[in-house]
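User: Could you take me through this structure in small steps, as you would for someone new to the subject?

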Amino acid sequence: MALKSTSLFWRTFLLLMLLLIITALGWLQSFRVLSEVPFSQGVAQQIVSTANLTRYALISADSDYRPDLLHVLAYQEGVRIIPREDNDKWTSLQAQGNIPELIESQTKASLGEQTIVAGSVNGEPGLWVSITIEGDNYWLMIRRDLLDPPFGTAWVWWAFVAFLVGTLGATVLTQRTVRPLAELSSAAKKLGRGEKPDPLPENSQTAEIANVNKNFNHMVQELERMESDRELLLAGVSHDLRTPITRLRLEVELASLPEDTQQAMVSDLEQMESIVNQFLAYSHRSKQPLERVDLGLCVNDTINDTRMRSKDDVKIETSIMGNLYVMAHPTELVRAIQNLLVNADRYGRTPESGQLELNIQVLRQGNDAVLRIADKGKGVPKEEMARIMRPFERGDTARGGAKGAGLGLAIVERVVRRSEGKISLSSNHPHGLIVELSMPLANRKDEKPVLEEQTGPADAVLSKEELNNAPN
């Protein structure tokens, strides 16, 4: 997993665990260093005591009982005594670490600097100490387990218990830290879809989180008030304009005017009415919950309702998959599809013939349902695509003859965003525009997508009843 894609929970949890591990290792190292001197002093004192007691016991014992004494020392105390020869080969204890070096130096300080403390003699490992008994040199071998640290395996279990406690503590601490941020992220995501999130708790024990939640709730209230004022303003202006537009249209149709002049005036009034309707559509924000909608069926019904197939200068090729469900508001989704079809009819005609050639696809891509509408018009330059997505922006310079208020794509983008989807524009080859809507699937496990219609001419489109009765 790349670090940049790691969630805040795991990032914080791993950092806390790393801190705990480093702290535990530092504590263990400190304990080991601080225990080296006492441990080495104890081992050295035991070596000195064993050597002195053995020497005195052998000197004091009767010569007839010395073999028995050596036997007892060897089998009960693990102490062996062998003569030391000049050609004996031995390895120093200092080469085996810091603690053996301390033991050797402290042993020599008590028994004399001429004392040899070895880790092996003639290839036989052990704890060897040179002693002198009545002028003769001997090797005294003591149990090597004296050099083993006194920790044993108990520290492993304590370390395991400490690791479990640290893991639980880090989990609880991380969850308490991340939970308010997760709630804030969820509320912001809901606000970005155009929905009003539930108020965040303002009684948090953490002052910073309480202030953030309080400010976020205040921001949501202000945005709600501004949205309501904008809806009221646009709805009021649009409503007040519709009455005089309707009256003017009636007067123009009844007036004795030349036919060309009358048609031009009626066209202008229709354009004004279309702009008013766009204002009303953009100002209206549905507060109804989202529903499961079959995207393919919705697209097919919308194409039929627009009656675009009945036009002689329109050619539509479709490839629609059924059983692709998305979470959306049905009326808003139909309006978004209608806006795309109207834009294609208005701007997507072939420059040479003036014919509208559309390729409409509804398909599945991964976990998304995709609606793709491609025309063969003049297209839109790449540098203009982001601009025409904004409200009140029109592609006059790119596609010519633009009408309306420039709210069509903005309405589509808001509808798709509410469904947690996205809209993208791209160029068609060799010319034209491709509009692609992508929304997360809401299919159940037993609902499998099915290709209801193969790519074909406009008159090969299935009806609503045929789509509903199509086999799965």
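User: What is the relative accessibility of asparagine 122?

Analyst: Asparagine 122 counts as partly exposed, a class that lies between buried (under 20% relative accessible area) and exposed (over 50%), with a 1.4 Å probe and the protein chains only. The relative accessibility computed for asparagine 122 is 47%.

User: Before we go on, what pLDDT do local features need here?

Analyst: Residues are numbered from 1 along each chain as its sequence is written, and side-chain values use heavy atoms, with hydrogens and water left out. This is a predicted model, in which side-chain atom pairs count only at pLDDT 80 or more and totals for chains, interfaces and linings use all residues, while local features need a pLDDT of at least 70.

User: How many helices and strands does the protein chain have?

Analyst: Helices (H or I, at least four residues) and strands (E, at least two) are taken as DSSP runs and numbered from the N terminus. Counted in this way, the secondary structure of the protein chain comes to twelve helices and 13 strands.

User: In what order do the five strands of the open sheet lie?

Analyst: Two strands pair if DSSP finds at least two bridges between them, and in this open sheet the pairing is antiparallel. The order of the five strands is S1-S5-S4-S3-S2.

User: Which strands of that sheet are the edge strands?

Analyst: An edge strand here is one that pairs on one side only. Neighbouring strands of the sheet are turned by 40 degrees against each other on average, direction ignored, where the axes are lines fitted to C-alpha atoms. The edge strands are S1 (80-83) and S2 (90-92).

User: Which residue in S3 is the bridge partner of threonine 91?

Analyst: S2 and S3 (residues 117-121) pair in the antiparallel sense over three bridges. The partner in S3 also makes a polar contact with threonine 91, side chain to side chain, at 2.7 Å; such a contact is a pair of N or O atoms within 3.5 Å, where within protein one must be able to donate a hydrogen and the other to accept it, and residues adjacent in sequence count only if both atoms are side-chain atoms. The bridge partner of threonine 91 is serine 120.

User: Why does serine 120 count as buried or exposed, and at what relative accessibility?

Analyst: Leaving aside neighbours within four places in sequence, serine 120 is in contact (heavy atoms within 4.5 Å) with several residues, including Lys89, Trp90 and Trp128. Serine 120 counts as buried because its relative accessibility is 14%.

User: How far apart are the C-alpha atoms of glutamate 124 and tryptophan 90?

Analyst: Glutamate 124 lies in strand S4 (residues 124-133) and counts as partly exposed, at 32% relative accessibility. Not counting residues up to four places away in sequence, glutamate 124 touches Arg80, Gly119 and Met141. Glutamate 124 and tryptophan 90 are 34 residues apart along the chain, and their C-alpha atoms are separated by 8.9 Å.

User: Which residue forms a salt bridge with aspartate 345?

Analyst: A salt bridge is a side-chain nitrogen of Lys or Arg within 4 Å of a carboxyl oxygen of Asp or Glu, and here the closest N and O atoms are 3.1 Å apart. Aspartate 345 lies in helix H8 (residues 330-347) and its partner in the loop between helix H7 (295-306) and strand S7 (314-322), so the pair ties together parts that are 34 residues apart in sequence. Aspartate 345 is buried, at 18% relative accessible area, whereas the partner is partly exposed, at 33%. That partner is lysine 311.

User: How many residues apart are arginine 418 and glutamate 332?

Analyst: The side chains of arginine 418 and glutamate 332 meet in a salt bridge of 3.4 Å, N to O. The pair links helix H11 (residues 408-418), which holds arginine 418, to helix H8, which holds glutamate 332, and the two residues are 86 residues apart.

User: How many salt bridges does a search of the whole structure find?

Analyst: Side chains of opposite charge can pair when their charged atoms come close. One of the pairs joins lysine 376 and glutamate 357, with the closest N and O atoms 3.3 Å apart. The search of the whole structure finds a total of ten.

User: Which peptide bond is cis, with omega near 5 degrees?

Analyst: The second residue of this bond has its place in the loop between strand S11 (422-427) and strand S12 (433-440). The cis bond runs from histidine 429 to proline 430.

Technical notes:
Axes are lines fitted to C-alpha atoms, for helices over the stretch in contact, and angles run from 0 to 180 degrees between N-to-C directions.
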